[in-house]
Amino acid sequence: MVPFAGWTLPLHYGQGHLQSHLHTRRHCSLFDVSHMLQVAGSGSGGWSRGVAAPPHNLPGPLQTLVYGRDRVRFMESLVVGDIAELKPGQGTLTLLTNEKGGITDDLIVTNTSEDHLYVVSNAACADKDLAILRERAAQLQATGSDVRVEVSDNALLALQGPSMARVLQAGLSDDLAKLSFMNSITTTVFGVPGCRVTRCGYTGEDGVEISVPAARAVELAEQLLGVPDVWLAGLAARDSLRLEAGLCLYGNDIDETVTPAEAGLMWTLGKRRRVAMDFPGAAVIMAQVKEKPRRKPVAMAWPGAGQALLISPYVHIPGTVTSGCPSPCLGKNIAMGYVEAAHSRAGTELTVEVRKKQHPAVITKMPFVPTQYYMAK
């Protein structure tokens with residue numbers, strides 16, 4: 001068990017990190033991600049259950065919802081995504097930015113079929129995100145806007161891996177084959193009503209995140225773990241799986257000092273939003289797009305798969321490694337980071353320093369391991 005964002009969370013379970021990682025790639029694993037902040041909102045007037053208390057003053061796991069007829073305008077005043085274009089049940093990854101163009105957090109915003117937005121943000125950012133949402137809501141309410149932010153106390157379970165659909169379908173009346181990546185439904189899961197099932201995750205595999213009423217989270221987890229194919233997985237596997245899939249970790253790979261243009265995340269900006277430039281930091285971000293960022297995100301790899309890598313800046317090419325670990329699937333070390341744009345092309349050789357020892361590495365393409373996201377036909 002290790003401290004994480006105010007919670008005490010499992011680093012790994014009995015099988016160990018390597019076997020847990022490989023099991024997720026070959027079968028499926030259950031991750032308790034209830035420390036994520038979930039937010040929602042709807043048409044009314046006016047995100048692992050840890051054993052330590054969360055840093056906020058709200059009971060239980062923190063998740064959030066956004067209600068009211070002005071909920072889309074409210075959300076688009078804070079993030080870069082085109083929330084208005086989302087169909088009922090559809091979600092998108094988007095970025096919460098500040099006035100300097102920095103990334104305050106990355107969020108998943110879903111336009112639910114129940115007339116509210118469902119927002120999931122990172123655990124480490126829960127307090128600041130909630131403060132930003134509430135402050136902005138109060139500002140709009142003062143001018144007569146109809147918006148309300150509520151925090152859900154639901155738990156959040158992630159079932160990830162190629163056998164996820166077979167395992168979960170046995171407990172659903174809905175047809176999972178009709179649920180595409182980044183879409184969600186509210187349904188009964190293995191007898192537990194009121195669950196929001198979203199086809200997404202942080203492993204690169206086909207998977208779902210299930211927002212479940214906290215009082216029945218253990219019941220649902222035990223139902224899923226009753227299937228031999230399902231193992232519990234902890235933070236270690238979660239991190240190595242996401243890195244193989246080329247997914248950013250907030251606080252490591254992106255933060256308030258990095259803009260979407262520098263992070264290679266301009267695909268999160270809708271065309272309409274780019275033209276309107278009506279999100280925080282728009283002038284800075286769009287100027288960088290026009291002028292081309294001086295640094296770019298890169299993936300790199302080098303032989304060997306030693307454990308507990310502590311990676312420091314490059315030696316020969318100016319830059320910084322932001323995430324790194326041994327890849328269980330590839331049998332070599334992999335990392336993400338930033339280099340000067342002129343040296344960012346795939347195939348470029350560089351030197352990394354690991355525990356004060358220099359190693360030759362090469363810039364490669366991301367993801368390191370092909371992703372398996374499911375798109376309904």
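Let's start with Glu209, where UniProt, in an unreviewed entry, places the feature "binding site". Keep in mind that what follows describes a predicted model. In that model Glu209 is part of strand 13, which covers residues 207–212. Is Glu209 buried or exposed? Its relative accessible area is 13%, and buried means under 20%, so Glu209 counts as buried. Once neighbours within four places in sequence are set aside, Glu209 is in contact with Leu156, Leu157 and Ala158, with the run Arg196, Val197 and Thr198, and with Cys200 and Gly201.

Glu209 also turns up in the wall of a cavity. The cavity in question is the second largest one, with a volume of about 60 Å³. Which residues line the second largest cavity along with Glu209? They are Ile108, Tyr118, Val120, Leu156, Thr198 and Cys200. By type, the lining splits into five nonpolar residues, one polar and one charged. Glu209 is the charged one, because Asp, Glu, Lys and Arg are the residue types counted as charged. Leu156, Thr198 and Cys200 appear in the lining, and Leu156, Thr198 and Cys200 are also among the contacts of Glu209.

**Helix 6 and Arg242**

Now over to helix 6. This helix is mostly covered, with nine of its ten residues buried. The buried set is Leu235, Ala236, Ala237, Arg238, Ser240, Leu241, Arg242, Leu243 and Glu244. What do the buried residues of helix 6 pack against? On the strand side there are strand 1 (2–4), strand 2 (7–9), strand 3 (28–32), strand 17 (319–327) and strand 18 (332–340), and helix 1 (17–26) joins them.

Arg242 sits within helix 6, which runs over residues 235–244. Its relative accessibility is 1%, so Arg242 counts as buried. How is the side chain of this buried arginine paired up? One partner is the backbone oxygen of Leu247, reached by the Arg242 side chain at 2.8 Å. Another is the side chain of Ser323, with which the Arg242 side chain makes a polar contact at 2.8 Å. Not counting residues up to four places away in sequence, Arg242 touches Tyr202, Leu247, Cys248, Leu249, Asp253, Ser323 and Met336.

**After the helix**

Past helix 6 comes Gly246, whose phi is positive, near 75 degrees. Ala245 belongs to the loop between helix 6 and helix 7. With a relative accessible area of 7%, Ala245 is buried. Which residue sits 6.4 Å from Ala245, C-alpha to C-alpha, despite being 42 residues apart along the chain? That residue is Thr203. Thr203 is also on the contact list of Ala245, next to Arg25, Gly204, Pro367, Val369 and Thr371, with neighbours within four places in sequence left aside.

Pro367, one of those contacts, has its own quirk: the peptide bond from Met366 to Pro367 is cis, with omega near -5 degrees. Pro367 lies in the segment after strand 20 (357–364).

Glu262 is in the loop between helix 6 and helix 7 (271–276). Glu262 counts as buried, at 12% relative accessibility. Its side chain reaches the backbone nitrogen of Thr259 at 3.1 Å. Leaving out residues up to four places away in sequence, Glu262 touches Thr257, Gln288, Pro293, Arg295, Lys296, Pro297 and Tyr338.

Here are the accessibility values for several residues in this report, side by side.

| Residue | Relative accessible area | Class |
|---|---|---|
| Glu209 | 13% | buried |
| Arg242 | 1% | buried |
| Ala245 | 7% | buried |
| Glu262 | 12% | buried |
| Asp129 | 2% | buried |
| Lys292 | 62% | exposed |

**Other spots to look at**

Lys292, listed as exposed in the table, has a positive phi of about 75 degrees although it is not a glycine. Lys292 is placed in the loop between helix 8 (282–291) and strand 15 (295–302). Asp115 also has a positive phi without being glycine, near 60 degrees, and Asp115 is found in the loop between strand 7 (103–111) and strand 8 (117–121).

Last up is Asp129, in helix 3 (residues 126–142). Asp129 is 24 residues from Asp105 in sequence, and their C-alpha atoms are 7.6 Å apart in space.

Technical notes. Residues are numbered from 1 along each chain as its sequence is written. This is a predicted model: local features need pLDDT of at least 70, side-chain atom pairs count only at pLDDT 80 or more; totals for chains, interfaces and linings use all residues. Side-chain values use heavy atoms; hydrogens and water are left out. UniProt positions are given in the numbering used here, feature names are shortened, and annotations may be inferred rather than shown by experiment. Helices (H or I, at least four residues) and strands (E, at least two) are DSSP runs, numbered from the N terminus. Buried means under 20% relative accessible area, exposed over 50%, partly exposed in between (1.4 Å probe, protein chains only). Contact means heavy atoms within 4.5 Å. A polar contact is a pair of N or O atoms within 3.5 Å; within protein, one must be able to donate a hydrogen and the other to accept it, and residues adjacent in sequence count only if both atoms are side-chain atoms. On a 1 Å grid over the protein atoms alone, a cavity is a set of points where a 1.4 Å probe fits but cannot get out, and a pocket is an open set with protein on both sides within 12 Å along at least five of seven lines; lining residues have an atom within 4 Å of a point. Grid points are joined across faces, edges and corners, and a volume is the space filled by probe spheres set on the points.
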